[in-house]
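Here is a brisk report on the model shown below. The text starts inside the core and works outward to helices, confidence and the chain pairing.

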2 protein chains.
Amino acid sequence: MRYKPTFVVAAPALDRLTEVLGEISDLGRARALLAWDERTQMPPGGAEARAEQLATLTRLRHERLRSDELGRLLERVEGELDGASRDSFESSLARVTRREWEKARCVPTELRAEIARATSLSERAWEDARERSDFAGFLPHLARVVELKRRYIECFEPEHPYDALLDDYEPGMTLVEVRPVLARLAAGTRDLLSEIVASGVDLDDTPLYGEFPVDGQRELAHRVVALLPLDPDEVRVDTTVHPFVTPIAITDQRVTTRYDRSYIGTALWSVIHEAGHAIYHNGYGRELERTLLCASVSLGFDESQSRLWENWVARGRPFLGRLLPLLAEQFPERFGGLDAEALYRAANRVRPSLIRVEADEVTYNLHIALRFELEVELFEERLAPAELAEAWRARTREHLGLNVPDDAHGVLQDVHWSAGAFGYFPTYSLGNVIAASMWKTAREALPDLDDQLAGGELVPLRDHLRQRLYRHGAKLLPAEMVEELTGGPLDPEPLLAHLRRKHGTLYGLAD
Amino acid sequence: MRYKPTFVVAAPALDRLTEVLGEISDLGRARALLAWDERTQMPPGGAEARAEQLATLTRLRHERLRSDELGRLLERVEGELDGASRDSFESSLARVTRREWEKARCVPTELRAEIARATSLSERAWEDARERSDFAGFLPHLARVVELKRRYIECFEPEHPYDALLDDYEPGMTLVEVRPVLARLAAGTRDLLSEIVASGVDLDDTPLYGEFPVDGQRELAHRVVALLPLDPDEVRVDTTVHPFVTPIAITDQRVTTRYDRSYIGTALWSVIHEAGHAIYHNGYGRELERTLLCASVSLGFDESQSRLWENWVARGRPFLGRLLPLLAEQFPERFGGLDAEALYRAANRVRPSLIRVEADEVTYNLHIALRFELEVELFEERLAPAELAEAWRARTREHLGLNVPDDAHGVLQDVHWSAGAFGYFPTYSLGNVIAASMWKTAREALPDLDDQLAGGELVPLRDHLRQRLYRHGAKLLPAEMVEELTGGPLDPEPLLAHLRRKHGTLYGLAD
């Protein structure tokens with residue numbers, strides 16, 4: 001079976017469009033496999049050639065995406081579809097393709113390829129630099145990537161330079177819309193954190209720390225993924241430095257994770273986080289395969305689903321009761337005598353920390369606030385790349401009240417900037433905001449949700465989310481999808497209310 | 001560092017040519033990774049999308065290779081290089097690229113696509129048919145593939161139809177050159193086999209059979225590869241159904257193997273065979289990366305190196321002495337008390353058998369003779385596809401003195417014909433012939449070779465082979481390279497002499 005959709009109307013241009021988009025998609029999928037392989041399988045000797053291979057596939061895909069043929073084809077398709085409803089497959093295909101085509105027309109192919117080449121090398125340099133906590137050694141790569149991203153921004157002449165960066169992850173969203181949401185979230189979070197600190201209560205998370213052999217963790221991670229609503233024939237789990245997930249097809253999801261010998265939380269929640277993305281990608285309508293619609297609404301929406309499965313499901317009391325027996329079987333000396341309530345408390349301890357990926361769900365948003373501010377200042381040219389390490393230290397004191405001992409625990413901790421992914425960090429907090437709204441709706445739609453989660457019955461929740469969000473792929477813009485789901489604009493209040501309610505109980509805060 | 005070569009003369013067309021060839025190469029490498037992943041990593045759910053991805057990359061590469069631009073570029077490059085020496089990088093690049101371009105121009109894209117489609121279906125049908133030993137069920141596919149290959153042959157108007165098939169694997173070689181070599185080899189091999197059978201001696205290979213847990217075999221295979229002259233940063237070993245090796249870059253070699261629970265020979269010699277290919281590919285001059293010169297001289301030369309490392313090195317007495325301790329450590333109950341001489345005899349037992357991939361180094365060439373004769377008769381239209389099963393039985397009696405019990409052990413045993421790979425089988429025997437000549441030269445050049453092999457010191461041999469063969473990639477045609485290495489044409493006598501000498505001693509034959 002080929003996933004080729006059948007059109008309601010005879011539309012020869014539309015047929016040809018799906019062929020061209022199929023080719024563009026295949027190039028993108030092949031590139032994704034090269035990137036996945038680079039991070040999980042490739043022997044180090046392959047690195048230099050891989051940078052060239054990635055650059056070539058990126059260039060070929062970009063050439064096709066911005067081609068004159070695609071432009072002409074779109075005009076003909078728009079003629080053929082005159083009158084088709086806006087949310088039909090055909091109209092969505094034409095609309096989203098036109099958006100991508102117009103955007104690609106703005107960016108010279110050589111710049112695209114140069115960014116691919118530079119970031120592939122820069123990522124390798126970052127790995128080394130983080131290992132040795134050597135910001136100075138990484139700086140030339142970082143500076144080069146920032147320079148290229150500035151040239152990229154210039155291609156669009158945006159209102160604010162940051163808008164062009166944001167648009168790659170949150171199509172159509174601007175700094176003006178995002179900044180107040182993140183500011184309100186940071187302020188609300190800081191208030192809650194102050195109350196938590198002032199409460200004098202500290203939750204005991206020592207059960208999560210100890211000596212956990214990697215083999216046992218790997219087995220646990222595979223068993224945890226097997227609990228999730230993913231067909232085992234459509235997913236695999238590999239080890240990497242910085243966890244991610246890549247779809248090679250709707251039915252071929254590549255989840256990656258890493259293992260921390262002295263902390264079991266990574267093998268548990270990080271793998272569920274990445275699998276949460278995979279549950280979303282695995283739920284796209286099959287007719288979207290090999291088109292530009294076969295994607296999440298935005299990175300924020302993507303993140304909303306990884307967060308929802310990680311935090312709302314897998315740090316919630318009901319499902320932790322289902323996870324506990326697995327932990328106890330794998331590490332009996334550690335979890336054999338623990339009760340579900342103790343695990344729930346351990347899983348939800350709030351404490352300012354240095355590493356974003358290890359942060360609890362309250363302070364996490366402060367890590368994002370810090371990065372978002374630095375990125376905006378960097379692209380407003382109020383901050384130079386060389387100043388980032390020091391600025392990171394200062395901002396960590398301000399937001400989290402902590403001193404950064406070395407750059408591996410500071411500016412070098414995340415892969416994103418080495419990969420040129422500026423404008424990406426806000427999507428994590430936007431994801432939290434969206435997840436809170438969607439969880440609220442799911443609760444209303446599924447009255448037995450807690451019982452289902454406690455029984456490990458996750459399909460009803462997944463199917464609800466598929467129905468509401470997943471199956472539509474990238475048909476709508478993020479603002480449109482937020483409106484569709486919540487009837488209003490992006491709103492941080494449900495998230496703040498959720499955090500206040502949950503941690504208010506855990507920490508015995510006044511209502 | 002990018003592997004871009006520096007040219008002696010200013011040559012703008014040559015610069016552009018290397019760009020175009022870099023792109024063609026990257027598409028080929030990405031396709032190779034998709035294929036490697038499909039066979040070693042991909043979850044089953046990825047299969048349908050993978051077929052599309054492979055087809056797209058194949059089509060894009062072919063379009064580029066036969067493009068008008070490449071033709072114009074070649075004309076300009078040939079002008080720029082007027083007077084450059086024939087074996088220079090630049091001249092070789094232009095010459096080999098012209099050859100590939102002209103060849104690609106001969107074949108209509110539709111025929112190429114039709115062959116790809118038909119062989120894809122045929123391979124799947126073959127898998128089923130072999131399972132059920134059902135030649136009649138496979139016949140329509142086989143007939144279709146033969147018909148398409150006949151149309152393919154017509155694209156080239158060769159002297160003899162088989163020449164066009166051979167040319168895909170042994171560029172420039174013809175039936176007139178190959179036939180007498182294979183005929184002499186078959187006759188000499190049959191004579192030797194008669195003497196071996198008549199000797200009444202049987203070597204004991206029971207130590208190689210038993211119960212070998214796969215985990216232990218995998219560890220053994222990795223330790224064996226670690227002994228070989230390959231940088232561990234430039235190779236990896238994975239498990240698959242039908243072993244192969246794929247270079248993703250000169251310095252990124254993907255070796256694959258399989259494990260037979262009841263026979264240790266696969267984990268040992270099959271992995272060395274595939275690694276032998278990798279040692280060759282890993283030795284191409286770095287300046288050849290991302291050009292059409294970054295390839296073996298031919299399939300025969302490729303096979304010569306896998307055979308040389310598998311049979312001459314790893315079934316030879318000195319290196320078996322180095323392998324024995326590894327076997328004894330991994331499987332002490334089986335190899336703990338065995339001496340090197342007993343292992344040497346077990347590794348070299350000669351016995352006619354039905355399955356080519358399990359054949360010893362003497363009878364192997366008879367398996368090839370059988371296939372070669374049938375292929376020639378098929379394309380001379382003296383044999384119809386429907387007659388192949390019966391002809392196989394008759395020829396097996398004639399060459400190997402064995403009765404074929406069913407077609408799974410006869411005409412259906414190999415994947416090659418289902419995949420349209422007619423003309424491929426001779427390259428296995430040509431590889432043996434070339435390996436014998438190269439081994440003779442290596443012995444002369446390295447007087448301490450046996451001591452080096454016994455000590456596990458394999459770098460001197462590799463460096464000798466690199467110097468003579470590997471570093472040149474595909475600069476020369478096979479006949480030219482044979483002449484360069486041996487001062488004459490392809491000669492089966494050194495191989496026959498080697499087999500006579502080695503097995504004469506093992507089986508106590510008269511001199």
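In this predicted model, B:Val225 touches six residues beyond its neighbours within four places in sequence: B:Leu230, B:Val235, B:Val237, B:Val255, B:Val271 and B:Ala275. B:Val225 belongs to the largest nonpolar core, which has 282 residues. B:Val271 and B:Ala275 are among the residues with the most contacts inside that core, as is B:Val225. Their counterparts in chain A, namely A:Val225, A:Val271 and A:Ala275, are on that list too.

**Helices**

Two helices can be set side by side for length.

| Helix | Residues | Number of residues | First to last C-alpha | Expected at 1.5 Å a residue |
|---|---|---|---|---|
| α3(A) | 68-80 | 13 residues | 19 Å | 18 Å |
| α15(B) | 364-379 | 16 residues | 23 Å | 22 Å |

The span of α3(A) is close to the expected value. That of α15(B) is also close to its expected value.

How are the buried residues of α3(A) arranged around its axis? These residues are A:Leu70, A:Leu73, A:Leu74 and A:Val77. Seen down the axis of α3(A), they fall within an arc of 105°, so they line one face of the helix. On the other side, A:Asp68, A:Arg72, A:Glu75 and A:Gly79 are exposed. The cover over the buried residues of α3(A) includes α1, α2 and α4 (89-106) of chain A.

Helix α15(B) has 14 of its 16 residues buried, so it is largely enclosed by the rest of the structure. Just after α15(B), B:Glu381 takes a positive phi of about 60°.

Helix α20 of chain B covers residues 478-486, and its buried residues are B:Pro478, B:Met481 and B:Val482. Seen down the axis of α20(B), these fall within an arc of 105°, so they line one face of the helix. They pack against α11 (299-313) and α17 (426-445) of chain B. Just after α20(B), B:Gly487 has a positive phi of about 75°.

**Confidence**

The average pLDDT of chain A is 94, and 98% of the residues score at least 70. Over residues 1-8 of chain A, however, the pLDDT is below 50. That stretch has ten contacts in the model beyond near neighbours in sequence. For the complex, the predictor gives an ipTM of 0.90 and a pTM of 0.90.

**How the chains pair**

Chain A superposes on chain B after a rotation of 174° with 0.7 Å of shift along the axis, at an RMSD of 1.2 Å. That is the relation of a two-fold axis. In chain A, the C-alpha nearest the axis belongs to A:Ala30, 3.5 Å from it.

Across the interface, 33 residues of chain A are in contact with 34 residues of chain B. On the chain A side, α1 (12-40), α2 (47-65), β1 (235-239) and β2 (245-249) each supply at least two residues. The largest share, eight residues, comes from α1(A). Of the interface residues of chain A, 100% are also interface residues in chain B, so the copies meet through the same surface.

A:Ala249 sits in strand β2 of chain A. Is A:Ala249 buried or exposed? A:Ala249 is buried, with 26 other C-beta atoms within 10 Å. Leaving aside neighbours within four places in sequence, A:Ala249 is in contact with A:Arg29 and A:Glu289, and with B:Gly46 and B:Ala49 of chain B. A:Ala249 and A:Ala30 are 219 residues apart along the chain, yet their C-alpha atoms are separated by 10 Å.

Key. Residues are numbered from 1 along each chain as its sequence is written. Chains are lettered from A and ligands numbered from 1 in the order in which they are written. This is a predicted model: local features need pLDDT of at least 70, side-chain atom pairs count only at pLDDT 80 or more; totals for chains, interfaces and linings use all residues. A nonpolar core is a set of buried Ala, Val, Leu, Ile, Met, Phe, Trp, Tyr and Cys residues joined through C-beta atoms within 7 Å. A residue is buried if 20 or more other C-beta atoms lie within 10 Å of its own, exposed if 12 or fewer, and partly exposed in between; C-beta atoms are placed from the backbone. Two residues are in contact if their C-beta atoms, placed from the backbone, lie within 7 Å. Helices (H or I, at least four residues) and strands (E, at least two) are DSSP runs, numbered from the N terminus. The arc is that of the directions from the helix axis to the C-beta atoms. The expected span of a helix is 1.5 Å times one less than its number of residues. pLDDT is the predictor's confidence in each residue, from 0 to 100. Copies are superposed by least squares on the C-alpha atoms of residues with pLDDT of at least 70 in both.
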